[in-house]
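I wanted to know how this chain is put together, so I opened the model and kept notes as I went. Here they are, in the order I looked things up.

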Amino acid sequence: MLALKRRAAIAALEYAKKYSVIGIGTGSTVDCFIDELVAIKSTIDMVVSSSDRSTQKLKALGFHVVDLNYVGTLPIYIDSADEIDRHKRMIKGGGGALAREKILAMASREFLCIVDKTKKVDVLGKFPVAVEVLPLARGLVARAILKLGGNPVWRENFFTDNRNIILDVHDLDMTDPMFMETQIKQLTGVVESGIFALRSADRLICAENEEYSCEN
Ligand code: 5RP
């Protein structure tokens, strides 16, 4: 599967090279993308990163990493997903970076999602929805999520870059992802959820075997 992730990453370079400022996501697909980005490093003035993991890798490769507040609006944000449907709505957060990823996605003019073919689904929800929660509110939020029909599982011994915890929520009814995103967001103690429906992707690059497809 890594070969497909790399293929999607290489295809994304065509879009990345139009911009001198880029928002960068998190995960193994994005790691491939960062490796490829080195080839056009001289054309990139600065990058904004969605996680400590990506920041470390970018800095080690010599990229100038800046805070989002320094840039304001991002011309493009490039990231992957755990699932994506035909409306380019996503479940993200398998790596636990969902809150910063959503902030960068919301701050971007264009969200380019890069995936391998295993991530495309008809209906979102097989992959559990990660919910970032303030540690003190773990029980409160878990009980509220049960009332929404989900089964929350605490990702033990894991803290986000924001020092919060993650509840991985199984069995949510995801027939209306925007509704569920809004419902979860309203719960006191929730920082963010990994449902990206209110801000879906604008463009999707999907690697399939020897080829890739691009959907706008
Ligand atoms: C991290 C994410 C990632 O985009 C998602 O988990 C996909 O990861 P990978 O590229 O490793 O399959 O949302 O929080």
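**Entry 1: domains.** Before anything else, a reminder to myself: domain bounds come from an automatic or database domain assignment. For this protein the assignment gives domain 1 as 2-121 + 198-215, and domain 2 as 129-194. I also note that this is a predicted model. I took the centres of domain 1 and domain 2 over C-alpha atoms and got 24 Å between them. The contact draws 15 residues from domain 1 and 18 residues from domain 2.

**Entry 2: the interface.** Next I looked up how much area goes under. Domain 1 and domain 2 bury about 1400 Å² between them, and 54% of that is on carbon and sulfur atoms. Which residues of domain 1 lose the most area to domain 2? I found Leu98, Lys102 and Leu198, together 41% of what that side buries.

Then the charged and polar pairs. Across the interface of domain 1 and domain 2 I get 2 salt bridges. I looked at the pair of Lys102 and Glu181, a salt bridge whose closest N and O atoms are 2.8 Å apart. For polar contacts, the count across this interface is 10 residue pairs, both residues at pLDDT 80 or more. On the domain 1 side, strand 5 (90-91) and helix 5 (98-106) each supply at least two of the residues that touch domain 2. Helix 5 gives the most to that side, with 4 residues.

**Entry 3: the core.** I moved on to the largest nonpolar core. In soluble globular proteins, nonpolar side chains tend to be buried together. Here the largest such core has 27 residues, and Ile22, Ile24, Phe33 and Leu37 touch the most other members. At least two core residues come from each of helix 1 (2-16), strand 1 (21-24), helix 2 (28-37), strand 6 (111-116) and strand 12 (203-208). Which element gives the most to this core? Helix 1 does, with 8 residues.

I clicked on Ile22 to see what surrounds it. Leaving out residues up to four places away in sequence, Ile22 touches Ala16, Leu37, Ile44, Met46, Val47, Val48, Leu74, Ile76 and Ile78.

**Entry 4: salt bridges.** The structure holds 16 salt bridges, and I followed a few. Arg6 and Glu36 meet through their side chains at 3.3 Å, N to O. Arg6 sits in helix 1 and Glu36 in helix 2, so this pair ties together parts that are 30 residues apart in sequence. Is Arg6 buried or exposed? Neither: Arg6 has 29% relative accessibility, so I put it down as partly exposed.

Lys92 took up the next page. Lys92 forms a salt bridge with Asp79, with 2.8 Å between the closest N and O atoms. That pair links distant parts of the chain, Lys92 being in the loop between strand 5 and helix 5 and Asp79 in strand 3 (residues 77-79), 13 residues apart. Both Lys92 and Asp79 are buried. Lys92 also meets Glu101 in a salt bridge, 3.2 Å from N to O. Why do I call Lys92 buried? Because its relative accessibility is 2%, and buried means under 20%. Glu101 comes out at 3%, so Glu101 counts as buried too.

Last lookup: salt bridges that share partners join Arg6, Asp35, Glu36 and Lys57 into one network.

Terms used. Residues numbered from 1 in each chain as written. Predicted model: local features only at pLDDT ≥ 70, side-chain atom pairs only at ≥ 80, totals over all residues. Heavy atoms only, no water. Core = buried A, V, L, I, M, F, W, Y, C linked by side-chain atoms within 4.5 Å. Buried < 20%, exposed > 50% of the residue type's maximum accessible area, 1.4 Å probe, protein only. Contact = heavy atoms within 4.5 Å. Buried area = accessible area lost by both parts, 1.4 Å probe. Salt bridge = Lys/Arg side-chain N within 4 Å of Asp/Glu carboxyl O. Polar contact = N/O pair within 3.5 Å; in protein donor to acceptor, adjacent residues only side chain to side chain.
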